[in-house]
Amino acid sequence: MLRPGDDADARERVVLNDLVDRMFGLDDSDDSQTDIVLRRAAKSICTACPVRLECLADATVNMVEHGIYGGLSLEERKSLARTAEADGVEVRDPGTARARGGMAHAIGSSDGRHSAEQSLDEARRRRDYTEWLKTHGDEVSRVKARESQGRSERRRREREADKSGLVETTLF
């Protein structure tokens, strides 16, 4: 924690790191309007990144459960992975996902390290998925649109539920 009199550059770095964490959803930030705007900005930044598809493939293959990677949220990454898997591309290790209940990292040896075979399998899935993403860029757009529509629908239902809750409380 910085105290009065600390280096201004250090204070600025702390503020910027917090902002980046909130933008890319890497912390436990809430769904305030500010955080929603920040995550939109992060997704926009990702669209210009030269390693966007590799980042997306890495986060998806490794089942990272938080944050914006490759310009997509967790739900968008899952949806896109399902689409690729339906197209015959092995993206996520089904045994690992089941064994860990969908947790973020693959099961390694007892000391937590991956075996050489697991590492090669992850590298193959990452490579194959990246290639699929390069040839199916339109799927990324479709998934983003579908997920956005789903979020809008959920927000609409929540507003309606809130309104009906307000009506009920005013009647009694």
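Of the 172 residues in the protein, 27% are buried. Buried here means under 20% relative accessible area, exposed means over 50%, and partly exposed covers the range in between (1.4 Å probe, protein chains only). The model is predicted: local features need pLDDT of at least 70, side-chain atom pairs count only at pLDDT 80 or more, and totals for chains, interfaces and linings use all residues. Residues are numbered from 1 along each chain as its sequence is written, and side-chain values use heavy atoms, with hydrogens and water left out.

The protein has seven helices and zero strands. Along the sequence the pattern reads α-α-α-α-α-α-α. Helices (H or I, at least four residues) and strands (E, at least two) are DSSP runs, numbered from the N terminus. Contacts, defined by heavy atoms within 4.5 Å, were examined for sequence separation. Among contacts between residues at least 6 apart in sequence, 55% join residues at least 24 apart.

Helix α1 spans residues 8-23 and has 16 residues. From its first C-alpha to its last, α1 reaches 22 Å, close to the 22 Å expected at 1.5 Å a residue. The expected span is 1.5 Å times one less than the number of residues. Gly25 follows α1 and has a positive phi, near 70 degrees.

Helix α4 (residues 74-86) packs with helix α6 (residues 116-135). The angle is about 90 degrees, and the axes lie 11 Å apart. The two helices are therefore roughly perpendicular to each other. Axes are lines fitted to C-alpha atoms, for helices over the stretch in contact, and angles run from 0 to 180 degrees between N-to-C directions. Angles under 35 degrees count as roughly parallel, over 145 as roughly antiparallel, 65 to 115 as roughly perpendicular and the rest as oblique. On the α4 side, the contact involves Arg77, Leu80, Ala81, Thr83 and Ala84. On the α6 side, Tyr129, Trp132 and Leu133 take part. By class, the contact has six nonpolar, one polar and one charged residues. Ala, Val, Leu, Ile, Met, Phe, Trp, Tyr, Cys and Pro count as nonpolar, Asp, Glu, Lys and Arg as charged, and the others, Gly among them, as polar.

Just before α4, Ser73 lies in the loop between α3 (52-61) and α4. Ser73 is buried, at 16% relative accessible area. Not counting residues up to four places away in sequence, Ser73 touches Lys43, Gly67, Ile68 and Arg151.

Side chains of opposite charge can pair when their charged atoms come close. The structure holds 16 salt bridges, each a side-chain nitrogen of Lys or Arg within 4 Å of a carboxyl oxygen of Asp or Glu. In α6, Arg125 and Asp121 form one such pair (3.0 Å, N to O). These partners are four residues apart, so about one helical turn separates them. Arg125 is buried, with a relative accessible area of 2%, whereas Asp121 is partly exposed at 22%. Both belong to a network of salt bridges that links Glu90, Asp121, Arg124, Arg125, Arg127 and Asp128.

Helix α7 (residues 137-171) holds Asp138 and Arg142, four residues or about one turn apart. Their side chains meet in a salt bridge (2.9 Å, N to O). Asp138 is partly exposed at 39% relative accessibility, and Arg142 is partly exposed at 42%. Arg142 also forms a salt bridge with Glu139, with the closest N and O atoms 2.4 Å apart. Arg142 and Glu139 are three residues apart in α7, again about one helical turn. Glu139 counts as buried, at 15% relative accessibility.
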